[in-house]
Amino acid sequence: MPAAAMSEIVQSARAAGRGIGAFNVIGIEHAEAIVAGAEAAASPVVLQISENCAAYHGALEPIARACLSIAGSVDVPVAVHLDHATREDLVHAAAGLAVQSVMYDASALSYERNVEATAAVTRWCHDHGIWVEAELGEIGGKNGVHSPLARTRPDEAAAYVAATGVDALAVAVGSSHAMLTRDASLDLGLIAEIHQAVSVPLVLHGSSGVADAGLAAAVRAGMTKINVATQLNKAFTAAVRACLNGDAGMVDPRRYGSAGRDAVAAEVARLLRVIGGADDPVSPVE
Ligand SMILES: [Zn+2]
C-alpha cells in the first residue's frame, strides 16, 4: 500500500489518547529498522527525514524515495514526513516527491515573523494536500544554543494555531534536542494547559532526553506525536561499536549494519509500546 496519511495516523491517535512514534531516519537501515519495530509492535509509525538528513545525502530525493518505498511495503500504516525544514524549497521538493507531511520550522524567528512565514507555507501546503507541523517556543538543543528552559505559552499557542492554520504544533515544555541522557523533566501541567487551549495535535521534540515514564506521562497529559532521533542513534552506534570492537577482522558493512538495524528495531518496538499505551498499567486497554 502507499505511505499512510499523517492526518489519519495522528488524529486517530489523538482521539484514542495514544501517542504516535515519529522516528528520524539517517540511512536506509534506519528506515528498515523503524518499520520492522512498528511491525513488531503492531503500531502505526512515522518515518521522518530532517533537513540535516537530506543535506547529509546531498538531496532529499534518494532518502525520501527509499522511505516511501519501505513505507509502502508493510501492513502497518507508515507516514513519511519532512522534519525541521527551514527552507521553503525543501518543502516544495517534498511535495514533488509525494512526501505528504512536513514540519516547517520558523521558530528561530520573532513571533510575528514566525506567524507570517508559517501561515504562507501552510497555505501553499494545504493547496497541495500537505499536512503541516510548526513550532512555537524554540525547543532547546538544535545547534547547542537554546535552553531547555524555553516554554510555550498556552494563549500564544492558541493564537498561533488560529493565525497560521497549521495541523499540529511542536511546543517547548522542557525537552531539548540531541540529549544523550534521559533525565529531562517535562512540564506536564503546561502540556495539559496547552492541550486544553489548542485544537490541533501537539508534538514533543527532543523526546530522546525523556525517560519512559515521562514519555507515557506526556501522552497522558495531551501529547500526541513523539519525535525520537538521538535515542535510536545511540542504539545503532552502540551495536555497531560492539560488533567492531569484538572482531578486528570484520569488514563487511552488512554484518555490523544488520546489528545496528536490529538494535534500532528493538528500541522502536519498545518505545512504541511505551507511548502507545500498551505498557502503561494506568491506561485502560483500548
Ligand atoms: Zn525536533
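## Exercises on helix packing and a zinc site

Helix 9 and helix 11 pack with their axes 8 Å apart, at an angle of about 45°. The model is predicted. Work through each task with the structure open.

### Exercise 1. Helix 9 against helix 11

Classify the packing of helix 9 and helix 11, then say which residues meet and how they divide by type.

Solution.

- Step 1. Two packed helices are described by the angle between their axes and the distance between the axes.
- Step 2. Here the angle is about 45° and the axes are 8 Å apart.
- Step 3. Angles under 35 degrees count as roughly parallel, and 65 to 115 as roughly perpendicular. Helix 9 is therefore oblique to helix 11.
- Step 4. From helix 9 come Asp212, Leu215, Ala216 and Val219; they meet Arg270, Leu271, Val274 and Ile275 of helix 11.
- Step 5. Sorted by type, the contact of helix 9 with helix 11 holds six nonpolar residues, no polar ones and two charged.

### Exercise 2. Helix 8 against helix 9

Give the angle, the class, the handedness and the residues of the contact between helix 8 and helix 9.

Solution.

- Step 1. The axes of helix 8 and helix 9 are 8 Å apart and the angle is about 30°.
- Step 2. The cut-off for roughly parallel is under 35 degrees. So helix 8 is roughly parallel to helix 9.
- Step 3. The crossing of these two helices is right-handed.
- Step 4. Helix 8 contributes Leu188, Ile191, Ala192 and His195, while helix 9 contributes Ala217, Ala218 and Ala221.
- Step 5. Of the residues in this contact of helix 8 with helix 9, six are nonpolar, one is polar and none is charged.

### Exercise 3. Helix 2 against helix 4

Describe the contact of helix 2 (residues 28–41) with helix 4 (residues 60–71), and place alanine 66 in it.

Solution.

- Step 1. The two axes come within 10 Å and cross at roughly 20°.
- Step 2. Helix 2 and helix 4 are therefore roughly parallel to each other.
- Step 3. Their crossing is right-handed.
- Step 4. On helix 2 the residues are Ile28, Ala31, Glu32 and Val35; on helix 4 they are Ile63, Ala66, Cys67 and Ile70.
- Step 5. By type, the contact of helix 2 with helix 4 has seven nonpolar residues, no polar and one charged.
- Step 6. Alanine 66 lies in helix 4. Its relative accessible area is 17%, so alanine 66 is buried.
- Step 7. Alanine 66 and glutamate 32 are 34 residues apart in sequence; C-alpha to C-alpha they are 9.4 Å apart.

### Exercise 4. The zinc ion

Which residues and atoms coordinate the zinc ion, and where do histidine 177 and histidine 205 lie?

Solution.

- Step 1. The zinc ion is coordinated by His84 through NE2, His177 through NE2 and His205 through ND1, at 2.0 to 2.1 Å.
- Step 2. The spacing of these donor residues in sequence is H-x92-H-x27-H.
- Step 3. Histidine 177 sits in the loop between strand 6 (168–171) and helix 8 (188–197), and histidine 205 in the loop between strand 7 (202–204) and helix 9 (212–221), so the pair ties together parts that are 28 residues apart in sequence.
- Step 4. Histidine 84 is in strand 3 (residues 78–85).
- Step 5. Buried means under 20% relative accessible area. Histidine 84, at 6%, is therefore buried. Histidine 177 counts as buried at 15%. Histidine 205 is buried at 1%.

### Exercise 5. Positive phi

What is the phi of histidine 84, and what is that of alanine 178?

Solution.

- Step 1. Most residues other than glycine have a negative phi.
- Step 2. Histidine 84, not a glycine, has a positive phi of about 50°.
- Step 3. Alanine 178, also not a glycine, has a positive phi of about 65°. Alanine 178 lies in the loop between strand 6 and helix 8.

### Exercise 6. Two basic side chains

Buried, exposed or partly exposed: how do arginine 254 and lysine 234 count?

Solution.

- Step 1. Arginine 254 is in helix 11 (residues 253–275). Its relative accessibility is 66%, so arginine 254 counts as exposed.
- Step 2. Lysine 234 is in helix 10 (residues 230–246). Its relative accessibility is 30%, so lysine 234 counts as partly exposed.
- Step 3. Neighbours within four places in sequence aside, lysine 234 is in contact with Leu180 and Arg182.

Conventions
Residues are numbered from 1 along each chain as its sequence is written. This is a predicted model: local features need pLDDT of at least 70, side-chain atom pairs count only at pLDDT 80 or more; totals for chains, interfaces and linings use all residues. Side-chain values use heavy atoms; hydrogens and water are left out. Axes are lines fitted to C-alpha atoms, for helices over the stretch in contact, and angles run from 0 to 180 degrees between N-to-C directions. Helices (H or I, at least four residues) and strands (E, at least two) are DSSP runs, numbered from the N terminus. Angles under 35 degrees count as roughly parallel, over 145 as roughly antiparallel, 65 to 115 as roughly perpendicular and the rest as oblique. A crossing is left-handed if the near helix is turned anticlockwise from the far one by less than a right angle, and right-handed if clockwise. Contact means heavy atoms within 4.5 Å. Ala, Val, Leu, Ile, Met, Phe, Trp, Tyr, Cys and Pro count as nonpolar, Asp, Glu, Lys and Arg as charged, and the others, Gly among them, as polar. Donors are N, O and S atoms within 2.8 Å of the metal (3.2 Å for Na, K and Ca); water is not among the atoms, so sites may look incomplete. Buried means under 20% relative accessible area, exposed over 50%, partly exposed in between (1.4 Å probe, protein chains only).
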